[in-house]
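Q: Could you take a close look at a single strand for me, with its neighbours and the turn that follows?

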Amino acid sequence: MKPEDICVHRLDDLAQVAGDRRPSIEFRLHAQVLRIRRDCRASIHTHQPVASAYTLLGRALEIHHPYHQIILGQKAAFVGYAPSGTNWLASKLRKAFRPEINAYLMRNHGALCLWSHAGRDSGQSRSSGVCLRHLFSRCNQTIGQSLTASRFCPK
Ligand SMILES: [Zn+2]
């Protein structure tokens, strides 16, 4: 994704106010998120393969490191599957929302993270990126532990 791919929409009526490209199919999902969580300045959604694989376990992911807990929350919530760009997916995400949780793992659909500290400060952006890498690393680690513990992969 490049800067020229970015579309800007007004939050209250979703009118496109900047950018010439067609918006992401999930732009309504981002708008819903930012309307509900007025404390958040950014919503980031990725189709990260490890996060999607983790969701096959069907559970939230505990975040253990205190630094990452400040940014992400004590866990990344699990959101059940619904097709991209649908009200059904938006509804499932809305039901999973908690004010203290900033990371959501959507079944077969990657992750959505909220940044309540997002801004122009590069230090804040960098810490958000570090936390996102930590989230995916925790997904990968937990998948490995689950496979090792399963009867399909005996020690
Ligand atoms: Zn998506």
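A: Here is a walk around strand β6 and its surroundings. This is a predicted model, in which local features need pLDDT of at least 70, side-chain atom pairs count only at pLDDT 80 or more, and totals for chains, interfaces and linings use all residues. Residues are numbered from 1 along each chain as its sequence is written.

β6 covers residues 103-106; strands are DSSP E runs of at least two residues and helices H or I runs of at least four, numbered from the N terminus. In a regular strand the side chains alternate between the two faces of the sheet. Here A103 and L105 point one way, Y104 and M106 the other, and all are buried, meaning 20 or more other C-beta atoms within 10 Å of their own, with C-beta atoms placed from the backbone.

On one pairing, β6 runs parallel to β5 (residues 75-79) through 3 bridges; strands pair if DSSP finds at least two bridges between them. V79 has M106 as its bridge partner. From β5 the chain passes through helix α4 (residues 87-96) to β6, a right-handed β-α-β crossover: with the strands pointing away from the viewer, the path from the first strand over the helix to the second runs clockwise.

β6 also pairs with β7 (residues 111-115), this time antiparallel, again by 3 bridges, and L105 stands opposite A111. Their hairpin has 4 residues between the strands. N108, in that loop, has a positive phi of about 55 degrees although it is not a glycine. With 14 C-beta neighbours inside 10 Å, N108 is partly exposed, the class between buried and exposed (12 or fewer).
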